[in-house]
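Student: Let's go through the labels on this model one by one. I'd like to hear what earns each of them.

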Amino acid sequence: MLDDVVISRAIIESYYKELLDNLESDVIISGAGPAGLCASYFLCKEGFKVVVFERALRPGGGMPGGGMMFNKIVIQEESKPLLDEWGVNTTHYKENYYVASSLETLGVLLSQAIKKGVHIFNSISVEDALIYNDKINGVVINWTAAGIANFHVDPLTMRSSFVVDATGHAAEVAQVVSRKSGARLFTSTGQVIGEKSMWAEKGEKILLENTKEIFPHLYVCGMAANAVFGGQRMGPIFGGMFLSGQKAAQMITQRLRNK
Ligand code: 48H
């Protein structure tokens, strides 16, 4: 015998419990694409409390789309150990090139992150930052659907010790911090420089250099890092996204340990 209202109560109670339990955390990650998911996995593996907000109904960012909707991704040798750790199948294509199913990679990484303890809230957008004492202290969130409907709905606030901008090409958190606080980001112009045109080799290399703190307690990883610092885009090679997420996690782990 199934009671319809019990089903509703089960969903509402468990969702709100998870949301309330995560009002304060060690790290908030904006964006559940490959870089944000990877960062969340490694931070949780270190034992930290990690919350991810994803604007879309379904996590994954650009991953399911592969290259021009051909749902395969290419990764290079140095990122293969990460896919091996998660249990993603890869096919050797030629020296330094491996191919993986973009859907399998997303499914496995998402599952691994959640099993490690990452709390992912989808359909919620980060629309602003919580800034006081000259540093970022959390994010301001709202239902994505409210924005799409153009409803005037005031947001809610979530606090964390660190925030990661993993919002991809748009670098939305960096943009809002720069625009609203008038603060200088740690870039040559003090602002978001904007990504450069395609060059896979250069874009993947510079991405790791660009993965760093861009405002006190705000880190950037993935495509957003190249957008912030003016690095090249790299097309559907995803190794750098994973390595960038891992690097952001390592840097924040050090900071949290030294607190
Ligand atoms: C909550 C948000 C918000 C917001 C956006 O685009 P992504 O896949 O980003 P990365 O950096 O993990 O991976 C980049 C890769 O997918 C890619 O685009 C590549 C390699 N491009 C190369 C090229 O040449 O084009 O994921 C970002 C995620 C998405 O799911 C967004 O929906 C989400 O962030 N997001 N979530 N609040 N304000 N803005």
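Tutor: Start with Ala225, which lies in helix 8, residues 223-229. A helix here is a DSSP run of H or I at least four residues long, a strand is a run of E of at least two, and both are numbered from the N terminus. One caution: this is a predicted model, so local features need pLDDT of at least 70 and side-chain atom pairs count only at pLDDT 80 or more, while totals for chains, interfaces and linings use all residues. Residues are numbered from 1 along each chain as its sequence is written, and side-chain values use heavy atoms, with hydrogens and water left out.

Student: Why is Ala225 called buried?

Tutor: Buried means under 20% relative accessible area, exposed means over 50%, and partly exposed is in between, using a 1.4 Å probe and protein chains only. Ala225 has a relative accessible area of 0%, so it is buried. Its C-alpha is 18 Å from that of Val139, a residue 86 places away along the chain.

Student: What makes Thr105 buried?

Tutor: Its relative accessibility is 0%, so Thr105 counts as buried too. Thr105 sits in helix 4, residues 102-116.

Student: How do you know that Thr105 has a polar contact with Ser101?

Tutor: A polar contact is a pair of N or O atoms within 3.5 Å; within protein, one must be able to donate a hydrogen and the other to accept it, and residues adjacent in sequence count only if both atoms are side-chain atoms. A polar atom of the Thr105 side chain is 2.7 Å from the backbone oxygen of Ser101.

Student: Why does Thr187 count as buried when its value isn't zero?

Tutor: Zero isn't required: Thr187 has 9% relative accessibility, so it counts as buried. You'll find Thr187 in the loop between helix 6 and helix 7. A polar atom of its side chain lies 3.0 Å from the backbone nitrogen of Gly190.

Student: Which residues of helix 6 are buried?

Tutor: In helix 6, residues 172-181, they are Val173, Ala174, Val176, Val177 and Ser178. Take Val173: its relative accessible area is 2%, so it is buried. Val173 and Asp128 are 45 residues apart in sequence, with their C-alpha atoms 6.9 Å apart. Just after helix 6, Gly182 takes a positive phi of about 70°.

Student: What makes the phi of Met68 worth pointing out?

Tutor: Most residues other than glycine have a negative phi. Met68 is not a glycine, yet its phi is positive, about 50°. Met68 is in the loop between strand 2 and strand 3 (72-75), and its 71% relative accessibility makes it exposed.

Student: Is His217 buried or exposed, and why?

Tutor: His217 is buried, because its relative accessible area is 15%. His217 also has a positive phi, about 75°, without being a glycine. Its loop runs between strand 10 (212-215) and strand 11 (218-220).

Student: Now the ligand. Where does the ligand sit?

Tutor: In the largest pocket. A pocket is found on a 1 Å grid over the protein atoms alone: it is an open set of points with protein on both sides within 12 Å along at least five of seven lines. A molecule sits in a pocket if more than half of its atoms lie within 2 Å of the grid points.

Student: Which residues come nearest to the ligand?

Tutor: Among the 27 residues around the ligand, those are Glu54, Gly62, Met223, Arg233 and Gly235. A residue counts as near if one of its heavy atoms lies within 4 Å. Strand 7 gives the most to this shell, three residues.

Student: What polar contacts does the ligand make with backbone atoms?

Tutor: An oxygen of the ligand is 3.3 Å from a polar backbone atom of Pro34. A ligand nitrogen is 3.0 Å from a backbone N or O atom of Arg55, and a ligand nitrogen is 2.9 Å from a polar backbone atom of Val126. The protein covers 90% of the 790 Å² of accessible area that the ligand has on its own, an area from the Shrake-Rupley method with a 1.4 Å probe.

Terms used
On a 1 Å grid over the protein atoms alone, a cavity is a set of points where a 1.4 Å probe fits but cannot get out, and a pocket is an open set with protein on both sides within 12 Å along at least five of seven lines; lining residues have an atom within 4 Å of a point.
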